[in-house]
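Colleague: I'd like to learn how to read a protein model with two chains. Could you walk me through it, starting with the helices?

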Amino acid sequence: MDYLTGSGAVHAVDGVSLTLRRGEILGLAGESGSGKSTLANAVARLLRPPAVVTAGSVTYHRADGSATDLLRMGKQELRRFRWKELAVVFQSAMNSLNPVTTVGSQVDDVLRAHDRSMSTVERRDRAVELLRRVGISADRAKSYPHELSGGMRQRAAIAIALALNPEIIIMDEPTTALDVVVQRDILREIKALREEYGFAVVFITHDLSLLLSMADRIAVMYAGQLVEHGAARDVHDHPRHPYTLGLLRSFPKLRGPREELLGIPGTPPDLRDLPPGCPFHPRCRFAVDACSAEQPELTEVHSGQWAACLAHGPSYGPVPVELSAGGSR
Amino acid sequence: MRYLLRRLGFYLITAWAAITINFLIPRLMPGDPVDLMVARMNGQIDPDAIAAMKRAFGLTGGSLWSQYWTYLGNLAHGELGRSITMYPTEVSSVIGGALPWTLGLVGIATIISYVIGTGLGVVAAWRRGTWLDSILPATTFLQAVPYFWVALALVMVFGVTLSWLPVSGAYSLDVEPGFTGDFLGSMAYHAILPAITIVVASIADRVMGMRNVMVTTLGEDYVTMAEAKGLTSRRVMWAYAARNAILPNITSFTLSLGFVVGGSVLTEIVFSYPGIGSVLLKAVENEDFPLMQGIFLIISLAVLAANFLADLCYVALDPRTRQEA
């Protein structure tokens, strides 16, 4: 995925390959500007110029076994696919709901666009039912977005996402704008709804610790590239990439032994001018000379856990204890 | 509802202020219309005639305060005094005769300009990066050209050279005024050129205003979400993007509706159109104070009414204004 700028194309997301299994929650973490949202928007085909997908594919396997590439879908096919199979919940529900129409009518129009056989009354009943399912009372269907609180708006956005019973819901930082208490309620709600409806979730956040309680698997992005992915437990207990380690150690733990807050020194790199070799090496505690020369490949370090770091390669020598199964938490 | 009532109260006070200023300004100037007339006739009028004229024009003297009350009383009965240029016709009937023409021509042209301009703006923003981007410089160019020049050029090409369209007047003299098909047809036929002039002169504002707001609106999350919902492009474009983008434009539209009443002076002159613009010009040329005063009063009241209309539209279109702030 490139952003075309005045000074040439910027590779916002480069060489990322991910698999989302049916019904699972995949967490996508990374700093601001690491390409998480660009990736998600590219998958949903919502990128706007100057962003373009230069190469790649998004293969969707239907329940009946057939597979389609989203990036090659025609306009009509894409329109039918959208929301029916893949819905999106945006970061700020304040901005993702149309301010001039009621919440109910925003559920209604998606039903009307996809299912012409439903009557007005059926659609209204469905909207009320959906809103009630996420904890919004029926009379609120006639409310405008500005009449709802932040948490309610995000619930409404989730209700709209559920309208057509999609297979996948992409949640782009759905709780970032909310306070912690509301945030926890919404996360619980999402998990409960997932149990009930069985959709898969791509959960995007910069808050890695939040993913640990949510996700089945976690993928960590840095500078538009995938640096580590694996089962949530594994990534949490034994991060294999220094960046993941830094992210985990940048939040104080409430329980367990005290440990040093490490954080990550420096700032994310300018995507127009990536450092040679591993893009993370200027900020990495474990960097050696080879890191500035050689770009690490994503390799399977542990069963099902992949990391792109030379420390796990043959040229590095002994793996730093923090990045091995013996270290960290 | 309370919001509207509050606005209404505000407009009533503003209207009162406008009326009062309208009353004061001519009286703050030295002399009065009769003195002017007398001066023009080199003072060869006997005092009785002057007194009679002063009575006829409602210049009865007395304190400013009592004049003010008389003025308000007359206004309540719709009496605006008598025109000097067209003596003894009443100002109200002079305005009444010109206003329908202006409202018809300038009003309809303003609405056409708004509808077409807004539509073009929406589409130009939606398909930006295509050939539609060239609409903007084209319409801006047309607006940059002085509009009376556009009017003259239109008269030259379509009226004189091609003789397709009439070049002056509001209707042919050979049809009987009245609500007949012939008369209405003749009216529409005569309105084409002046209307085109007004549309051409004002459309760039509309296109540009709408396009710019629309481009910003298209970047909003709710538009992206509408697209992700799999709604048809038409629905995303109109019900989500344009529906929100139009709100700031409503104000400028209703305000321009208010100024419709003032007529389009140069257009009306070029096409010898019998609207308020021509009357206003005549009044200014002849120092016809009662007539000017009447026209200015009508204009200020129309602008206020248009403002109120804008508020009404806002309340209807934007649910956020319905809440008490």
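Modeller: Sure, let's start with bends. The bend at a residue is the angle between axes fitted to the seven residues ending there and the seven starting there. Keep in mind that this is a predicted model.

Colleague: Okay, where is the kink in helix 10 of chain B centred?

Modeller: That kink is centred on B:Ala242, and the angle is about 45°. You can also spot trouble from the helix's length. Helix 10 covers residues 233–260, and a straight helix would reach 40 Å, but its end C-alpha atoms are only 35 Å apart.

Colleague: Which residue marks the kink in helix 8 of chain B?

Modeller: Look at B:Ile192, where helix 8 has a kink of about 40°, shortly before the proline B:Pro194. The span tells a similar story: helix 8 (residues 181–218) spans only 46 Å between its end C-alpha atoms, while a straight helix of 38 residues would span 56 Å.

Colleague: How many helices and strands does chain B have?

Modeller: Chain B has 13 helices and zero strands. Its C-alpha atoms fill a box of roughly 85 × 60 × 35 Å along the principal axes.

Colleague: Now the two chains together. How do people describe the size of an interface?

Modeller: Often by the accessible area lost when the parts come together. Here, chain A and chain B bury about 2300 Å² between them, with 56% of it on carbon and sulfur atoms. A:Arg48, A:Val100 and A:His146 supply 25% of the area that chain A buries against chain B, more than any other three residues. If you count residues instead, 26 of chain A are in contact with 27 of chain B.

Colleague: How many salt bridges are there between chain A and chain B?

Modeller: Two. In one salt bridge, B:Arg235 pairs with A:Asp109, and the closest N and O atoms are 3.6 Å apart. There are also nine residue pairs in polar contact between the chains.

Colleague: Which element gives the largest share of chain A's side?

Modeller: That's helix 4 of chain A, with six residues on the side touching chain B. By type, the residues on that side divide into 12 nonpolar, seven polar and seven charged.

Technical notes: Residues numbered from 1 in each chain as written. Chains lettered and ligands numbered in written order. Predicted model: local features only at pLDDT ≥ 70, side-chain atom pairs only at ≥ 80, totals over all residues. Heavy atoms only, no water. Contact = heavy atoms within 4.5 Å. Buried area = accessible area lost by both parts, 1.4 Å probe. Salt bridge = Lys/Arg side-chain N within 4 Å of Asp/Glu carboxyl O. Polar contact = N/O pair within 3.5 Å; in protein donor to acceptor, adjacent residues only side chain to side chain. Helix = DSSP H or I, 4+ residues; strand = E, 2+ residues; numbered from the N terminus. Nonpolar A, V, L, I, M, F, W, Y, C, P; charged D, E, K, R; others polar. Expected span 1.5 Å × (residues − 1).
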